[in-house]
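Please load the structure in a viewer and keep the selection panel at hand. The tour below proceeds from one selection to the next and states what is to be found at each stop.

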Amino acid sequence: MAVAALRRLALRGPVPVHAAIGTDALAAVDDLSLDPRISVQQSPRHAAILLVAGPLRDEDRSDLCRLHDQLPHPRATVFWRTDPAIQIADPPVVSVEDDAAATIASVYRSLIEEGRPSEPDLQPDTPPNPWRGKGDHGQGGEGMMGGTPYGRPMAMTGDDLRDGLQLDPYTAEFGPFLPVFPPGLKLRITLQGDVIQFAKVLRPPLPQEEQSGPSAALRRIARQLRLLGLTGQAARALRLASVGDGKAAGVRRLRRLVKWSGSGQAIPPGLGRVGGADVRDRLAAWWEVASGETAEARAPDRTLVDLLPGLEWSEAMLVLNSFDIATLTGMCPIEKREDKAHSEEEKDAPEPHDHDGHQDQMRGAA
Amino acid sequence: MQAVAILSVLLLLLFGAWLAAILDRAGNALVAGDRVRTAAVRPLHDLAAHLSRQTTTTEAPDRLNWRLAPVAYLALAALGLSVVPLAPGVVAADFDAGIVLWGACEALTVVVVFLHGWSANSEFPLIGGYRYVAIGLPVMLISMFVLIAAALPAESLSVAAIVESQREIWNVVRQPIGLPLFLLLGLSLTLRGPFDYADSDDLIGGTRAEASGAQLAAWQFARLAMLASVSVMASAVFLGGYLGPVLPGALWLILKSGVVLAVLIAAGHLLARMPPSRMMTFIWTVLLPLSFLDLVLVGAELLIWG
């Protein structure tokens, strides 16, 4: 009785969806997020439906499996604009023309009403590394620090870039489905606190359609606004992007609203300077394009891995999302070796860290 | 009378959180240029959806602290609210140093939010926890100066005395810098908008990134309850609390708290968030000196006209 009432109530709210975005699907997912039947969640832990939108690379599949297993039960996967990329019994596949929100809503309904079983884990629920410890506490290192107990590297102190203090560096892989990254981008990042010490491109972003014009500019603006905590304004920008013409007045109003938010001052001046333009300049240029004017494009003269070290996480995300995807891809040269041999990737990290371990819980999401 | 007050505190938290959830949704829809579809039962839909999902766990979390953090957060909201007089003579915990207890709740909120991020044993929650401590410390300092300034005219640390000291003139008029600074503290205590350094979207939800199901629901409820608690405290300390003509005192307190709640939610939706290091500079070089100035001005005013 109580359970039935709970289900009825749950079904009256929007469906919590986490999107794993592949090729040419970013704009489509942005439009879908405006549907009142859907609520797109940043974390897979907050979602019931995993939406796989657009084709993925082969090497992204194991990340997708890990992401899938992070959704709480009951859960289901919907494939949109792509064939099923991972092994799931009876996966709903939605083509480009179909109403994705309706499919998602009906899958959610049958999931909650237990007509559809929750999907089991795709990967074994076992520790990712065997016991490799040495020493009194199994820590494998000297004294109480260092080593790789249970195959998990313990942080050793290293120099902080900013103030010369000795703090613990921490290395992990982020991407390719991290919502704050451009889709497909996978980085290995060494952090001290929230400051990036070292970054390496493992996989470049996936190509996305619609790279110019007012709508594309508004979508990029929306990503920046979300990073600044302006989710309502971001939704308004996406709605403007999804309509065809006659949005000049709407853009003007939105721009005023964003100006009042103090976002101009919130972004540090000189952040992510590339080709003479910083994040503020690039954002201003997008506003010009969104208003129907033209802005000159500047060729990047730095690579992404040069730009990120020394930035805090949130600054780095502002920088990362201040480029269109084609430009960013040009800034992400990767060495061939890394695509093939994952086990060899760790060699040139500044610390001897092999992070296939427990801190990678979020890596699928990440 | 005390039993009534304790019951009222719990009801205030419950309905305050409910109102906050409704206003929050309406505010977001307004800013988004969306149709405001919100309904009074809408928070129940979200709660039911959370409760119908599994509470997941991570590999080797600090389980005790992870499960306790939302409970402790809620407890701090209730404890802080308990020192506020809801009507003349009606207060759940009537003791002389009420404002100090509130200050302790603020400081412990930093600890609880950090524990929530730390105990999940995952990178984004941990970064959220770090960032919150870095920002939380100077914000608490601001709040201490502002609250001491509010206590000066009352010559007492009791919240009841502070309310009574505003019979002639509200503190918001006597010390106009105090209320905005206290509202910034409110945004920080409730992880909201420009001060949301713990649970923000750039960290995929930060300290709650790994929380799901009932645990996530508890954390979200605790955040909203703390918002209600801060609103009531702000209206007691700066807007004269239950003081007001015609209507009964408790109603005045609720009305004023509702206005503060709406202002906090609007600020959360309308103001942009700076990266943490920029905010840190802003707090230490602008906001903290402002809070000193507030204290000095109140002191001088009391010396001259007191």
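How many residues does helix 5 of chain B have, and what distance does it reach from its first C-alpha to its last? Select residues 123-151 of chain B: helix 5 has 29 residues and reaches 41 Å between those two atoms, close to the 42 Å expected at 1.5 Å a residue. Please bear in mind throughout that this is a predicted model.

**Stop 1: along helix 5 of chain B**

Keep helix 5 of chain B selected and centre the view on Gly136(B). A kink of about 30° lies at this glycine, shortly before the proline Pro138(B). Colouring the helix by burial shows that it is mostly covered, as 21 of its 29 residues are buried.

**Stop 2: two loops of chain B**

Next, select Asn121(B), in the loop between helix 4 (98-119) and helix 5 of chain B. Phi of Asn121(B) is near 60°, which is a positive value in a residue other than glycine. Is this residue buried or partly exposed? Asn121(B) counts as partly exposed, because it has 19 C-beta neighbours inside 10 Å, whereas 20 or more are required for a buried residue.

Move on to Leu191(B), which is placed in the loop between helix 8 (178-189) and helix 9 of chain B. Here too the backbone has a positive phi in a residue other than glycine, with a value near 55°. Leu191(B) counts as buried, because 26 C-beta neighbours lie inside 10 Å.

**Stop 3: the contact between the chains**

Display both chains and select the residues at their contact. The contact takes 51 residues from chain B and 49 residues from chain A. On the side of chain B that touches chain A, the elements giving two or more residues are helix 1 (2-32), helix 2 (42-51), helix 5, helix 9 (213-238), helix 10 (249-270) and helix 11 (276-305) of chain B. Which of these helices gives the most? Helix 2 of chain B does, with 6 residues. Colouring this side by residue class gives 22 nonpolar, 16 polar and 13 charged residues.

**Stop 4: chain A as a whole**

Hide chain B and view chain A in a cartoon representation. Chain A has 13 helices and 10 strands. Of its 366 residues, 48% are buried. Among contacts in chain A between residues at least 6 apart in sequence, 64% join residues at least 24 apart.

**Stop 5: strand 1 of chain A**

Select residues 15-21 of chain A, which form strand 1; 7 of its 7 residues are buried. Show the side chains: Val15(A), Val17(A), Ala19(A) and Ile21(A) point one way, while Pro16(A), His18(A) and Ala20(A) point the other way. Add strand 2 (residues 38-40) of chain A, which runs parallel to strand 1 and is joined to it by 3 bridges. In this pairing, Pro16(A) stands opposite Ser39(A).

**Stop 6: Leu111(A) and a cis peptide bond**

Select Leu111(A), in helix 4 (residues 100-112) of chain A. This leucine is buried, because 22 other C-beta atoms lie within 10 Å. Beyond residues up to four places away in sequence, Leu111(A) touches Ala48(A), Pro74(A), Ala76(A), Arg116(A) and Ser118(A). For a distance label, choose Ile88(A): it is 23 residues from Leu111(A) along the chain, and their C-alpha atoms are separated by 15 Å.

From this set of contacts, proceed to Pro74(A), in the loop between helix 3 (61-70) and strand 4 (76-80) of chain A. A cis peptide bond joins His73(A) to Pro74(A), with omega about -10°.

**Stop 7: the sheet of strands 8, 9 and 10**

Finally, select the open sheet of 3 strands in chain A, whose order is 8-9-10 with antiparallel pairing. Strand 8 (170-174) and strand 10 (195-203) of chain A are the edge strands, each pairing on one side only. Neighbouring strands are turned by 20° against each other on average, direction ignored.

Zoom in on strand 8 and strand 9 (residues 186-192) of chain A, which pair over 5 bridges. Ala172(A) stands opposite Ile189(A) in strand 9 of chain A. The loop between strand 8 and strand 9 of chain A holds Pro176(A). The peptide bond from Gly175(A) to Pro176(A) is cis, with omega near 0°.

How values were computed:
Residues numbered from 1 in each chain as written. Chains lettered and ligands numbered in written order. Predicted model: local features only at pLDDT ≥ 70, side-chain atom pairs only at ≥ 80, totals over all residues. Helix = DSSP H or I, 4+ residues; strand = E, 2+ residues; numbered from the N terminus. Expected span 1.5 Å × (residues − 1). Bend = angle between axes of the 7 residues up to and from the residue. Buried ≥ 20, exposed ≤ 12 C-beta atoms within 10 Å, placed from the backbone. Contact = placed C-beta atoms within 7 Å. Nonpolar A, V, L, I, M, F, W, Y, C, P; charged D, E, K, R; others polar. Pairing = 2+ DSSP bridges. Axes fitted to C-alpha atoms, helices over the stretch in contact; angles between N-to-C directions.
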